[in-house]
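User: Could you take a close look at one part for me, and then work outward from there to whatever else stands out? I'd like the cut-offs spelled out as you go.

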Amino acid sequence: MNSLFLEIAVVLLGIVLLLVEAFSDRSNKDYLAYLGAAGLTGVLALSFLPQIGPLPMSSAAAFITSDIISVFFVRFLLIATIVTLLMIPGYRTVLVRYLPSERAGGGVGEFAILPLFVCAGLMWMVSAIDFIMIFVSLELATITLYVLVTYLRQNTASLEAGTKFLILGALSTGFIVYGISWIFGVTGTTNILALPDAISTLPESSLYALLFGIAMILVALSFKTGAFPFQFWIPDVYQGAPTPITSYLSVASKAAGFVVLIRFLLSLEALPLLANKLNAVITLLAALTLIFGNFAAIPQTNMKRLLGYSSVAHAGYLLMGVASLASLMAIPAIGFYFAGYLAMTMLAFVVLQAVSEATGGDEISRFNGLSKRSPFLAGAMLLSAASLAGIPFTAGFIGKLLIFEVALKQGHYGLVMLGCVTVAAGFYYYFKVLRAMYWQQPSEETAIPVSATTKWLILLLGAGILILGVYPEPLLAALR
Amino acid sequence: MPTLANYLIASGLLFAAGLGVVMLRRSIIVIFMGLELMLNAANLSLVAFSRYGLVSGHQNYNAQILVFFIISVAAAEVAVGLAIIVSLYRARQTTHVEDLDTLKF
């Protein structure tokens, strides 16, 4: 299996499903989401066949690679997309309510197909080693996400979220392209793997031009990863976007952004002077992201906004790992953190979607008395919040432990202390949800229905959190 | 004969103008024009770097290829972006950023 075939298979699957949707008369479009998920499961199985990367001297080798990071994150993205697609049937009533259509089910089907193209774009992005490839795959994912965030055309919240996402996304595109142009101008190459050679022979005078380009790219990547200084779009867009897309944004597109950031920073380590400066910058960004994400989350009353700030906070912990890239254990720690992050964040969004479907809103007060209305959903949210906060025997705890360990080994004592303080703040705001579920009285006593797909998703994601939390060795061994 | 520095100053001015428009203007359509200006500033500097940055006597065409990609991506972005702005206008009868206050900041 050549590693390019996986992405091509995903794109072909998307095109075939678009044709199926166009020629089918069925008004219930749920089958498209299931077909897409089944197809992606097939691609996921293919990814376990023995892989050969692009041949060393072939033209593809200049653009993509097949190393341990890309192999892990390609599977990670496929799983995140499968979970997102399986969330979509539960979202059908909202889609139908906010989509103007002359015939039943019109315009609903594409909502389950477009994530496939985002997935292909992000998969290329995590394998890309050339700025041209990174730029094109990033834009394939981002432009498709503009459409998905704005999908509820008659819902003003979704439209506003989409407009803000569009403007800030296009702004970050401008930054990344201008940054690429300066890095190309100084080094004469667009290839990330060729950067170390190019910058190690640079004259002192062109260092500032290079730093300018690097700063531009870091700003643009902080948009993708949801880190300081470009994190302010997150709460609004997360609140307004359709729930499955919010969960996809917070997991898949953040992961791809971090992979590009890691590859970029690793290539710049060749110049010790530069590496020290960059490390200080990343440490500062990690600290500011941690502070912003955790302390701004405390007063939130909307669950989707709360999870948005929480995703900024997790970007802060991940940046702690990125600031410690000199350690060999940093990349396994970041990969493990992402695996746990996928399970716990998506579990929270699956429960949130089921609750807001039944109660008609995303506020934390809608969770009041959930333990009486649906002990199953309340238990799932309990597990997810425990893992997000970092309670022992969950994936979130081991993930934070590994990140703190590499940060300590690299001498980031201040950052680790700040991390401990923000973890305590995290306990407080995740506890707000638990208090609503277990201590508040429900406004009505009717049970909340849970569909079979949702139940299986919750069971699998919950099992993932517990297995990773109790038995982390196999995944860590695979990442080393 | 203009030098590399001339082109870079022009592209820097274009980029700053675009960024200024994005930061200061309140109409989403005008902001979108500012964003396009920023992309074209990057195109100009890429072509200039490619033309003047001679590696062993040959021009490096990678950057010029990237320019073509940027032009086509910008076109796709405009297609999607204007569609979003039109549906926003249909729903809210406005394209001013101050009126986008449904989601609290």
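Analyst: Here is one helix, followed by the loops, helix pairs and chain contact around the rest of the model.

Keep in mind that this is a predicted model, where local features need pLDDT of at least 70 and side-chain atom pairs count only at pLDDT 80 or more, while totals for chains, interfaces and linings use all residues. Residues are numbered from 1 along each chain as its sequence is written, chains are lettered from A, and ligands are numbered from 1, in the order in which they are written.

Let's start with α9 of chain A, residues 207-225. (Helices are DSSP runs of H or I with at least four residues, strands are runs of E with at least two, and both are numbered from the N terminus.) α9(A) has 19 residues and spans 26 Å from first C-alpha to last, close to the 27 Å expected at 1.5 Å a residue; the expected span is 1.5 Å times one less than the number of residues. Which of its residues are buried? The list runs L210(A), G213(A), I214(A), M216(A), I217(A), L218(A), A220(A), L221(A), S222(A), F223(A), K224(A) and T225(A). Buried means 20 or more other C-beta atoms within 10 Å of the residue's own, exposed means 12 or fewer, and partly exposed is in between, with C-beta atoms placed from the backbone. Those buried residues pack against α7 (156-187), α8 (195-200), α11 (243-267), α12 (272-297) and α13 (303-323) of chain A.

The backbone just past that helix is worth a look too. Right after α9(A), G226(A) takes a positive phi of about 70 degrees. Then a cis peptide bond links F228(A) to P229(A), with omega at about 5 degrees, and P229(A) sits in the loop between α9 and α10 (234-240) of chain A. For context, most residues other than glycine have a negative phi, and most peptide bonds are trans. Against that background, F393(A) has a positive phi near 70 degrees despite being a residue other than glycine. F393(A) lies in the loop between α16 (375-389) and α17 of chain A and is exposed, with 12 other C-beta atoms within 10 Å. Chain B has a case as well: phi of Q93(B) is near 60 degrees, again positive in a residue other than glycine. Q93(B) is in the segment after α3 of chain B and counts as exposed, with 8 C-beta neighbours inside 10 Å.

Following F393(A) along the chain brings us to a helix pair. The axes of α17 (395-409) and α18 (413-438) of chain A come within 9 Å and cross at roughly 155 degrees. (Axes are lines fitted to C-alpha atoms, for helices over the stretch in contact, and angles run from 0 to 180 degrees between N-to-C directions.) That makes α17(A) roughly antiparallel to α18(A), since angles over 145 degrees get that label, under 35 is roughly parallel, 65 to 115 is roughly perpendicular and the rest is oblique. The contact involves K400(A), F404(A), A407(A) and L408(A) on α17(A), with L415(A), V416(A), G419(A) and V423(A) on α18(A). Two residues are in contact if their C-beta atoms, placed from the backbone, lie within 7 Å. By class, that contact has six nonpolar, one polar and one charged residues; Ala, Val, Leu, Ile, Met, Phe, Trp, Tyr, Cys and Pro count as nonpolar, Asp, Glu, Lys and Arg as charged, and the others, Gly among them, as polar.

There's another pair in chain A: α1 (4-23) and α5 (110-127) pack at about 165 degrees with axes 9 Å apart, so α1(A) and α5(A) are roughly antiparallel too. Their contact has 13 nonpolar, one polar and three charged residues.

Back inside chain A, G335(A) belongs to α14 (330-359) and counts as buried with 26 C-beta neighbours inside 10 Å. Leaving aside neighbours within four places in sequence, G335(A) is in contact with F72(A) and L479(A).

Finally, the chain contact takes 36 residues from chain B and 32 from chain A. On chain B's side, α1 (4-24), α2 (28-52) and α3 (62-92) each give two or more residues, and α3(B) gives the largest share, 17 residues. That side divides into 26 nonpolar, eight polar and two charged residues. N62(B) lies in α3 of chain B and, leaving aside neighbours within four places in sequence, is in contact with I132(A) and T190(A). With 19 C-beta neighbours inside 10 Å, N62(B) counts as partly exposed.
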